[in-house]
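Subject: Structure handover

Hello,

Here is the structure I promised to pass on. My notes follow below it.

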Amino acid sequence: MGLGLWIRTGVLMAFLTGLLMAIGYVLGNETGMLFAFIFALMMNFFSYWYSDKIVLTWYRARILEEDEAPELYEIVRSLAQEAGIPTPKVALVPTETPNAFATGRNPRHAVVAVTQGLLRLLNRDELEGVIAHEISHIKNRDILIQTLAAVLAGAIIMVARWAGWMLWLGGFGGRDRDRDASSALGAILLIVLAPIAAMLIQMAISRAREYLADETGAKLSGKPWALARALEKIEYAVSMRPLKEGNPATAHMFIVNPFRGISFAELFSTHPPTQKRIERLRKIAEEMGIAF
């Protein structure tokens, strides 16, 4: 990785580690902070080496052999060669909600995942546009930070839920009433603020990178109009059939937010507005001398 990517990755890990330690302190003072620090170290280690497998497991995605999807592999291989990166593995997500994402810690260990619904909805040109977008995330080295953020933000949301259960079950029932009241108040704040912090992290790393992946993907495939049409179709399909299973902490990884309208993720936009993305693709097409 380049120095800039190492720095961004380190800052992300340090920030989320600090957030987990703050949660631990609120829940259990110094002892809780120590356990949170150990938990954060373990999460950082496993997130770096196994985050792609964790995300794929969340969506029951299965790595496809080439003979199972020869046309899809042909598209992926051609675009990867054009981008100058190794051909990533291809995974299938068993859901009819159309979408796609890329994951992995670097281009040599990358996976492009598509849903069954995406393969049914798009024609070949539109599918090329979507795959080019995901290949661009790999080429632009977005996938490590996106995947780390998904796993670590998921951990923060999980810990916040634990705090909620402790509060509901009366877990702050010690002899020091003032301390218990303070811990209960802190737990309430965590329940509200921790998911917001996780979503803000997703927003910070996602919106600008989506524009860049659109631009890189449009130039990679030479078909900006196909990506624009695919975004329109996916946006409409997701609004009609949002994803009901999965982890909202991964929303920023998908080409279009799949949880719209059914989860906490709807309060924040992890992606730029689809219409603005289409307008930018139209300008890119004009610069390329392609009729939109």
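Which side chain makes a polar contact with the side chain of D142? The partner is R209, and the separation is 2.6 Å. Please keep in mind that this is a predicted model.

**D142 and its surroundings**

D142 sits in the loop between α4 and α5. Is D142 buried or exposed? D142 is buried, because its relative accessible area of 4% falls under the 20% cut-off. Setting aside residues up to four places away in sequence, D142 touches H137 and R209. R209 is thus both a contact of D142 and the partner in its side-chain polar contact. T103 is 39 residues from D142 along the chain, and the two C-alpha atoms are separated by 8.8 Å.

**The annotated site**

H137 leads on to a database annotation. UniProt, in an unreviewed entry, lists H133, H137 and E210 under "binding site". These residues span 78 residues in sequence, yet no two of their C-alpha atoms are more than 8.5 Å apart, so they gather at one spot.

Two of the listed residues can be described further.

- H137 is found in helix α4. H137 has a relative accessible area of 0%, so this residue is buried. Neighbours within four places in sequence aside, H137 contacts D142, I143, Q146, R209, E210 and A213.
- E210 belongs to helix α6, residues 177-221. E210 is also buried, with a relative accessible area of 0%. Beyond four places in sequence, its contacts are H133, H137, Q146, H252, F254, I255, H271, P272 and R277.

Those contacts tie the site together. E210 touches both H133 and H137. Q146 appears in the contact list of H137 and in that of E210. D142 and R209, the pair from the opening question, both contact H137.

**Helix packing: α4 and α7**

How do α4 and α7 cross? Their axes come within 7 Å and cross at roughly 90 degrees. That angle makes α4 roughly perpendicular to α7. Helix α4 covers residues 124-139, and helix α7 covers residues 224-240. On the α4 side, the contact is made by D125, E126, G129, V130 and H133. On the α7 side, the contact is made by W225, A226, L227, R229, A230, K233 and I234. By class, this contact has 6 nonpolar, 2 polar and 4 charged residues. H133 therefore has two roles to note: UniProt lists H133 under "binding site", and H133 takes part in the contact of α4 with α7.E128 is another residue of helix α4. E128 is buried, with a relative accessible area of 13%. Leaving out neighbours within four places in sequence, E128 is in contact with I75, L79, S221 and K223.

**Helix packing: α7 and α8**

Helix α7 also packs against helix α8, residues 274-288. Here the axes come within 9 Å and cross at roughly 170 degrees. That makes α7 roughly antiparallel to α8. From α7, the residues are P224, L227, A228, L231, E232 and E235. They meet T274, R277, I278, L281, A285 and M288 in α8. The residues of this contact divide into 8 nonpolar, 1 polar and 3 charged. L227 of α7 occurs in the contact with α4 and in the contact with α8. R277 of α8 meets α7 and also touches E210.

**Backbone points to check**

Two residues other than glycine have a positive phi.

- R60: phi is near 50 degrees. R60 lies in the loop between α1 (3-58) and β1 (62-63). R60 is exposed, with a relative accessible area of 53%.
- R141: phi is near 60 degrees. R141 lies in the loop between α4 and α5. R141 is partly exposed, with a relative accessible area of 33%.

**The whole chain**

How many helices and strands are there in the chain? There are 8 helices and 4 strands. Along the sequence they follow the pattern α-β-α-β-β-β-α-α-α-α-α-α. The chain has 292 residues, and 52% of them count as buried. Of the contacts between residues at least 6 apart in sequence, 69% join residues at least 24 apart.

Best wishes

Notes: Residues numbered from 1 in each chain as written. Predicted model: local features only at pLDDT ≥ 70, side-chain atom pairs only at ≥ 80, totals over all residues. Heavy atoms only, no water. Axes fitted to C-alpha atoms, helices over the stretch in contact; angles between N-to-C directions. Parallel < 35°, antiparallel > 145°, perpendicular 65-115°, else oblique. Contact = heavy atoms within 4.5 Å. Nonpolar A, V, L, I, M, F, W, Y, C, P; charged D, E, K, R; others polar. UniProt positions renumbered as here; feature names shortened; annotations may be inferred. Buried < 20%, exposed > 50% of the residue type's maximum accessible area, 1.4 Å probe, protein only. Polar contact = N/O pair within 3.5 Å; in protein donor to acceptor, adjacent residues only side chain to side chain.
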